[in-house]
Amino acid sequence: MTATGDAVARLVREEYARVLATLIRVTGSVTLAEDAAQDAVVRALETWPRDGVPDNPRAWLLVTAKRRAIDHIRREGRRDELEAAAMDLVDPADEPPETVRDDLLRLVFTCCHPFLSLDAQVALALRTLGGLSTTEVARALLVPEATMAKRLTRAKQKIAQAGIPYRVPAAEELPDRLDGVATTVYLIFNEGYEGRRDLALEAIRLGRVLAGLMPDEPTVLGLLAVMLLQESRRSTRLAADGTPVLLADQDRSRWDGQAIKEGVELVGVALRRSADRPDRYAVQAAIAACHALSLTYEDTNWSAVVSWYDVLVTVHDTPVVRLNRAVAVGERDGPAAGLALVEGIVGLDGYPWWHASRAELLNRLGDKDSALAAYERALTLGLNEPTAQHLRRRIDDLG
Amino acid sequence: MTTYLALIYNTDQAWHDDVPAAPSEEYNEFARAAAAVLRGGNALHSTATATTVRVSGGKGGDILTTDGPYAETKEVLTGYYLLECADLEEAVKTAAMIPAAWNGGAIEVRPVVHFG
């Protein structure tokens, strides 16, 4: 593909979700809108590199897709009302920006609707909001293509036949529903956290779309911030052989300063906007920011980190959050204090990092036998090979 | 006279976007033959369209939904309501008001096929 071809592909993909979102409203059918939008995309990829990009690419795509939708309806002899609705579509160039924005919001909340399984939400978000093809979604989520095609078809079938509404939730439902949207996007990000950079970047792209749509929502800003701040460390998280590098040992000069700057600014806004009830993602981002802003591991302000974990526990109390808090307390007050907290957490016996954290703290306290036993227990809990190799190296270091 | 519910169990009907315009001739034949006793009936969309609703913490508690049909364990079908709702959100809210939703049971909500 030529450079122009690449630029066109990028532009088309950026507009795809908006065009699709409007078409769903107009035609009332996700499947029909998707077929039509897909046809328009193919047409654009064929003609734009040759004839040049039209002045208003979105309007071009929308008009083309609308014509395709009308063709589809005629060919299949569907109900007249559908056809009329499609015909009635106002000139897309005249659509007020608020309508386009609302369409995209409807699409976001429909794809991430809690009546769909989380698997279906993730697949739909990547397919419709992310504009990935079914093949790309299947590849991204490591699922056979036929399985993914079936999952997407079923999800769309459920939206259409069971009547999942295509609308933005009412104000009183918004916090819950936004939480659901954030969960879906953060799940995509975490799928991409270990090595799968394409998925992590896709999640950040979705996060940016959400932040553009809902610039006042702390959940959305916090979500984007936490993803950017975690992503800023990507190039240093793994050694050349694929084994993980601890935060203490990462080369901070290679952290992505641009992502950190953007993330930190977003955290500030998100926290100011959620002063009454801190947002979970904003607080997680604040913790990530504490690390991102420390020039060295030794400079880390552990008091600040522990304080943020105290806040996080009030809004998102999970055993893993408590474990992370305990490790931070260990850095602030010494290994004995950290170990006491780690050992007080119930429910993590099957979680390798609970055992590995215990091992680290036991080692620092000089109890090498107990540390060895804890590392060995962690190794029985199904870690991936690079991580297991990292732990075996820690065992070797015990001497 | 006693009123009976005849429940139809079969392999999952995977209706696609194009739901058949009418019931098959076999079913029409049954409907004609049983017209004197039939008080109504519906075909349902596939289990892929199902949402299972439970309420935790008693009446008016948190509504918990699962994507998919009710997975049968020791409970059995004990009744049904037909709901006419604007969309699935309204149907789920209504289903969550049925006592079985918090009395250890669950309500499976599935759309009825409207033969065009």
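Chain B, in this predicted model, has two helices and three strands, and if we follow the chain from the N terminus onward, its elements come in the order α-β-β-α-β. The C-alpha trace of chain B spans about 45 × 40 × 30 Å along its principal axes. Of the 116 residues in chain B, 19% are buried, and when we take the contacts in chain B with a separation of 6 or more, 62% of them are between residues 24 or more positions apart.

Let me turn to where the two chains meet. Here 15 residues of chain A are in contact with 13 residues of chain B. Which element gives the largest share of the side of chain A that touches chain B? That is helix α8 of chain A, residues 145-162, which contributes six residues. Sorted by class, the side of chain A that touches chain B consists of eight nonpolar, five polar and two charged residues.

I would like to finish with a single residue of chain A, namely A:R322, which sits in helix α16, a helix covering residues 319-333 of chain A. Is A:R322 buried or exposed? A:R322 is buried, because 21 other C-beta atoms lie within 10 Å, where 20 or more are needed for a residue to count as buried. Leaving aside residues up to four places away in sequence, A:R322 touches A:V313 and A:I345. As for A:I70, which is 252 residues apart from A:R322 along the chain, the C-alpha atoms of these two residues are separated by 56 Å.

How values were computed. Residues are numbered from 1 along each chain as its sequence is written. Chains are lettered from A and ligands numbered from 1 in the order in which they are written. This is a predicted model: local features need pLDDT of at least 70, side-chain atom pairs count only at pLDDT 80 or more; totals for chains, interfaces and linings use all residues. Helices (H or I, at least four residues) and strands (E, at least two) are DSSP runs, numbered from the N terminus. A residue is buried if 20 or more other C-beta atoms lie within 10 Å of its own, exposed if 12 or fewer, and partly exposed in between; C-beta atoms are placed from the backbone. Two residues are in contact if their C-beta atoms, placed from the backbone, lie within 7 Å. Ala, Val, Leu, Ile, Met, Phe, Trp, Tyr, Cys and Pro count as nonpolar, Asp, Glu, Lys and Arg as charged, and the others, Gly among them, as polar.
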